Amino acid sequence: MNAISDIRGRVREVAHPPGLLASSGLALRLAWRQLWSEKARLASAIAGVMFACVLVFTQLGFRAALFESATTLIGSMRADLFLMSPMTLASFRPEPMPRVRVSQALGVEQVQAAVPVYLTQSSFRNPETGRRRTIQLIGFDVDAGVLDLPGLAPLRDALKQPDSFAFDTRSRPEFGPVGKMFEERGAFPAQIGNRDMRMVGTISMGTSFGADGNAVMSELNFQRVVKQRPGTMVDLAAIRLKPGADLREAQAALRAIMPPDVSVMTQAELRAHERDYWEKGTPIGFIFTFGSLMGLIVGMVIVYQILFSDIAGHLKEYATLKAMGYSNGHLSRVVLGAAVILAFAGFVPGAIASSVLYSVVTDATFLPLHMTTGRAFAVFGMIFGMCAGAGLLAMRKLRDANPADMF
Amino acid sequence: MMANPVEVKGLTYAYGEGALRREVLRDVDLRVAPGEIVILTGPSGSGKTTLLTLAGALRAVQEGSCRVLGHELAGAREAERVALRRSIGFIFQSHNLLGFLTARQNVAMALEMDGATGERERLERAGEMLASVGLAEHADKLPSQLSGGQRQRVAVARALVASPGLVLADEPTAALDKASGQEVVHLLRDLARSRGAAILLVTHDPRILDVADRIVAMEDGRVVADGAARAVTG
């Protein structure tokens, strides 16, 4: 035995591994180097995450737009409380309630004003092609200032003329170039239901899943169009309270005097009621949730495939690292690190693409699709979870990297 | 007096259970002294590879005692075995280098599990180690840009860079021609000697038996000959 080995060959103390943060950094770097080395594979993985991201954004965007648009009408009403038939599921298909309830409401001390609102769906004849489409009609007391829609205020007097109405320019284009025609030649005749009316101005409101377009008119004109309806029935009553009145107390007071044929709701409650209908009463809410889930599952499968084949293709190398003293935990962090990198690398372009898509869809459908910070965070959370889930599944393959089989 | 890097006593190991149980090691004793180079040889199925994986803390000990670098492996937990492996250098039949890392980065990987080293120090030490295996000018090449012999030299550098007390090698010349095989094992021997690391090497290759201080022949799970290199090769 030579002398050097006597001096140097002492038993070494076992080295301490780096701390969690440092080793996570190393794991992440290794993951990145591995991903970067196969750019085509990296690109397809990112494309997969991006696809899932765009799909989820679209689904959630439509879902939110649906709920948002469903409450556009109610949201635009300047009222504190509402009376509505308890049978009404959604405002696009209201059950009437007796008009006298509106007057009764005035008997409560805190109430300053109570005005009826009439809602129905009728048809509108496209002034260019003559084709009919279903339109939402909103009738209300023009002077009461209940509706707060952009463009409505200057039209008050015009709407008092017999057989006049204002058209929502954010209605679907199938109703014809109504807004443009108005700009060019001013008021012009148009047919609603079976009645010839005059289009006297434009407002801006927006479509919803319940209504392709909207037309607003005075109470009286509404009754002229919708002849089959008795004048003693209304669809909604908007109640404004005196300044300083307590909302809950007023609601309780109204409930106390009202018979059970009307329910008394705050604006927030009515919006929630409306949203509830779309979310629970129709399969629409479920469809969007399901769509998002599908996107996430497809994305997860793609990421899993990429991570799995990365491990399966490098089993010997992973086993060698294990032989070198890399723990299973550390290698798991490498896999998770790759998943996290894919989450970020796919989310950023995915979110940008979704923003672009949102504006395209908004232009095409007139549904309000907006990229909100809250949704961006939520989707990132889902994408992150999706990638992490794929990573956790792929990690199981690491067990096959057994250093004892290497010899 | 310092402990032997490898101290195996009464080691028995079997694969399978019940009727399928097959003993591959039977009551094996083996000692590797500090700085000693021991070659394990024998026909395939003689258990030498299993012995190597047990000494390398890659398998759990079933029966008997196996002390490696002062740590008893019988009954050792997985985490203890993983930690111990960081003080052992491994060289496999194929180089098993990570294809997406340069030679230098591959060698530095052996230091990453030592929390006391910084990135610069790791790369520096890896560079020095590569220089000592004669690959200074190839340090920043990817494995795919190197020849088979060069890759195995990178693997030698990786096994030695963390100054292990013990190097375990399994047929390190299997994939190499005679010249590069000789070169690699001589390099391994010289570097391990200068660092005081003991080497336990499994091989069939008669061309490299001359590097050994001692040759241990195995057959059927038992040590059948153990002696100075000249005596066994006779």
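Which helix of chain B lies across S6 and S7? In this predicted model, that position is taken by helix H5 of chain B, formed by residues 148-160, which runs at about 165° to S6(B).

The strands beneath this helix belong to an open sheet of chain B with mixed pairing, in which 6 strands follow the order S6-S7-S8-S3-S9-S10. The edges of the sheet are occupied by S6 (88-91) and S10 of chain B; each has a single partner strand, so one side of each is left without a neighbour in the sheet. From one strand to the next, the twist averages 15°.

Within the sheet, strand S7 (residues 166-170) of chain B runs parallel to strand S8 (residues 198-202) of chain B, and the two are joined by 5 bridges. In this pairing, Ile199(B) of S8(B) stands opposite Val167(B). An antiparallel arrangement is found for strand S9 (residues 214-219) and strand S10 (residues 222-228) of chain B, which pair over 6 bridges. Val216(B) has Asp226(B) in S10(B) as its bridge partner. S9(B) and S10(B) form a hairpin with 2 residues between the strands, and in this hairpin Asp220(B) adopts a positive phi near 55°.

In chain A, the domain assignment distinguishes domain 1, comprising 19-68 + 284-406, from domain 2, comprising 86-261. A distance of 48 Å separates the C-alpha centres of domain 1 and domain 2 of chain A. Contact between them involves 5 residues of domain 1 of chain A and 5 residues of domain 2 of chain A. On the side of domain 1 of chain A that touches domain 2 of chain A, the residues comprise 5 nonpolar, no polar and no charged.

Helix packing in chain A is illustrated by helix H3 (residues 39-70) and helix H13 (residues 328-365), whose axes lie 7 Å apart at an angle of about 45°. This angle makes H3(A) oblique to H13(A). The crossing of H3(A) with H13(A) is right-handed. The residues of H3(A) that take part in the contact include Ala45(A), Ile46(A), Val49(A), Met50(A), Cys53(A) and Phe57(A). Among the residues that they meet in H13(A) are Leu342(A), Phe347(A), Pro349(A), Leu357(A) and Tyr358(A). Glycine also contributes to the contact, with Gly61(A) in H3(A) and both Gly346(A) and Gly350(A) in H13(A). By class, the residues of the contact of H3(A) with H13(A) comprise 16 nonpolar, 5 polar and no charged.

Note on methods. Residues are numbered from 1 along each chain as its sequence is written. Chains are lettered from A and ligands numbered from 1 in the order in which they are written. This is a predicted model: local features need pLDDT of at least 70, side-chain atom pairs count only at pLDDT 80 or more; totals for chains, interfaces and linings use all residues. Axes are lines fitted to C-alpha atoms, for helices over the stretch in contact, and angles run from 0 to 180 degrees between N-to-C directions. Helices (H or I, at least four residues) and strands (E, at least two) are DSSP runs, numbered from the N terminus. Angles under 35 degrees count as roughly parallel, over 145 as roughly antiparallel, 65 to 115 as roughly perpendicular and the rest as oblique. A crossing is left-handed if the near helix is turned anticlockwise from the far one by less than a right angle, and right-handed if clockwise. Two residues are in contact if their C-beta atoms, placed from the backbone, lie within 7 Å. Ala, Val, Leu, Ile, Met, Phe, Trp, Tyr, Cys and Pro count as nonpolar, Asp, Glu, Lys and Arg as charged, and the others, Gly among them, as polar. Domain bounds come from an automatic or database domain assignment. Two strands pair if DSSP finds at least two bridges between them.
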